[in-house]
2 protein chains.
Amino acid sequence: MPRDGTATRTAIMDAAQALILETGFAAASIDTIIARTGITKGAFFYHFRTKAELARALVERDAALDAAHLERHLSRAETLSRDPLQQVLLCLGFYEEEMVAMNAPYPGCLYACFLYEAQLFDAETMDLVRGVFAHWAGQIGDKLRQAARLHPPRLPVSIATLADMGLAITEGAYILSKLRQDPLAVAAQFRHYRNYLELLFSAPGAALDGKPAPA
Amino acid sequence: MPRDGTATRTAIMDAAQALILETGFAAASIDTIIARTGITKGAFFYHFRTKAELARALVERDAALDAAHLERHLSRAETLSRDPLQQVLLCLGFYEEEMVAMNAPYPGCLYACFLYEAQLFDAETMDLVRGVFAHWAGQIGDKLRQAARLHPPRLPVSIATLADMGLAITEGAYILSKLRQDPLAVAAQFRHYRNYLELLFSAPGAALDGKPAPA
DNA sequence: GGAAACTTACCAACCAGTCGGTTTAAATAC
DNA sequence: GTATTTAAACCGACTGGTTGGTAAGTTTCC
């Protein structure tokens, strides 16, 4: 067996993803990708038959990472608390912690990037993106539905759109963060989402103090 | 004076914007734009010296429309209520009404689209986008700051990021709406934003009933 | 007639993708 | 322990189609 090509493959994918988030997919030429990776055209097309195949591979990789990410946070929250509401709040808190720790401005979300060039991709690739969103909202939605049963919400809300709100907040905050070059923007928005859930599911007169959000 | 070219100019811009929201800016070729507009290449380059100039014109047009849009809603809210909190809630309600009335799935936001291809545009064009966001968050932030003075928030929050949340929710909801081809997704998310503001600025034991949000 | 509003024909640069050839290192043969 | 084999991994020149942009001429309307 000859040398291992997986390092090259991931190097291509890393360079491609970074470039795509700078210029978009259409303008991210293969020539630039291979120049940044330090390889040649032949090597690229050995690993990916077409540019579309690279796109799909990138989405698949991110989807797997994100699913594992959520699973990690959720299971950790489930061991730390028995209350589904607390589990959601903890899980969102873990995401927030990571975002606070971020120093570089957020480069953007590949899913959103691809969505805004949607016509360039085959249906299967976009279905993968839809699947990522559906999975996240589904998992969080399940928890929220359990939470709503135990803690009647103070306003009549649809749980499905409430779970979607996490996705919307995330994507919107990525845009703000990217536009303003502000690494903290995402954490701040996540905090507001968590605030909303706390207020929504708290008893009418409950005291809601604690460590205030940093400015 | 020869014939009027403004009709052609707006036709180009309309066709361009629609196409750009389907494929992104880079993949929206001038050839396709002129084919859809029903003109020739010469006509295009008579109205716009470069493709970048078209991009800037599109952003400028949308920026002016959005500013007028906000101004209209805000002044209407200001005549309907004297309380700054109610003014914000009314203003957001007006946005929501429009989004509920929408039947076609949202095509996407030009600002976000351009942001995800940011490197293709000159700094001035992206500054225009930054300006649009800053203006909206500034206006709503002013109202929220007045509201917070009259109605102490139930949780310690940063007003600036609270105003930003409206932008984040909007952009995120556009993405959800576009991905799922769901015209109602934007209204649902806006409703949650309004819920959050209501809960945040309401007295601890206040009754918050009213017409429930539609499923 | 004169200028704004267009048309047509054209070009150099860049694009994704191809193809025959070369290098590399592990497995096998001796 | 060294020579040979073998296929994966990689190279780089090439191509046909598309791109943004140009320039010189034509139409339209006051």
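User: Which helix holds Asp14(B)?
Analyst: In this predicted model, Asp14(B) belongs to helix 1 of chain B, which covers residues 6-23.

User: Is Asp14(B) buried or exposed, and why?
Analyst: Asp14(B) falls in between and counts as partly exposed, because 15 C-beta neighbours lie inside 10 Å. A residue would need 20 or more such neighbours to count as buried.

User: How far is Asp14(B) from Thr37(B)?
Analyst: Their C-alpha atoms are 8.6 Å apart, while 23 residues separate Asp14(B) and Thr37(B) along the chain.

User: Moving to the DNA, which residues come nearest to strand D?
Analyst: There are 22 residues around DNA strand D. Those that come nearest are Gly5(A), Gly42(A) and Ala43(A) from chain A, with Ser29(B) and Lys51(B) from chain B.

User: Which helices supply that surface?
Analyst: At least two residues each come from helix 3 (41-47) of chain A, helix 2 (30-37) of chain B and helix 3 (41-47) of chain B. Helix 3 of chain A gives the largest share, four residues.

User: What is the chemical make-up of the surface near strand D?
Analyst: It divides into eight nonpolar, seven polar and seven charged residues.

User: Next, the two protein chains. How many residues are in contact between chain A and chain B?
Analyst: The contact involves 50 residues of chain A and 50 residues of chain B. On the chain A side, two or more residues come from each of helix 1 (6-23), helix 6 (110-115), helix 7 (123-150), helix 8 (159-180) and helix 9 (185-201). Helix 8 of chain A provides the largest share, with 15 residues.

User: And what kinds of residues make up the chain A side?
Analyst: The side of chain A that touches chain B has 31 nonpolar, 12 polar and seven charged residues.

User: Why do the copies meet through the same surface?
Analyst: Of the interface residues of chain A, 100% are also interface residues in chain B, so the same surface is used by both copies.

User: What rotation superposes chain A on chain B?
Analyst: A rotation of 180° does so, with 0.0 Å of shift along its axis and an RMSD of 0.0 Å. The two copies are therefore related as by a two-fold rotation axis. In chain A, Gly172(A) has the C-alpha nearest that axis, at 2.1 Å.

User: Last topic, the largest nonpolar core. Which residues touch the most other members?
Analyst: Cys113(A) and Cys113(B) do, in a core of 120 residues.

User: What is Cys113(A) in contact with, leaving aside its neighbours within four places in sequence?
Analyst: Within chain A, Cys113(A) contacts Ile20(A), Leu21(A), Gly24(A), Phe25(A) and Gly108(A). From chain B, Tyr116(B) is also in contact with Cys113(A).

Technical notes:
Residues numbered from 1 in each chain as written. Chains lettered and ligands numbered in written order. Predicted model: local features only at pLDDT ≥ 70, side-chain atom pairs only at ≥ 80, totals over all residues. Near = placed C-beta within 6 Å. Nonpolar A, V, L, I, M, F, W, Y, C, P; charged D, E, K, R; others polar. Core = buried A, V, L, I, M, F, W, Y, C linked by C-beta atoms within 7 Å. Buried ≥ 20, exposed ≤ 12 C-beta atoms within 10 Å, placed from the backbone. Contact = placed C-beta atoms within 7 Å. Least-squares fit on C-alpha atoms with pLDDT ≥ 70 in both.
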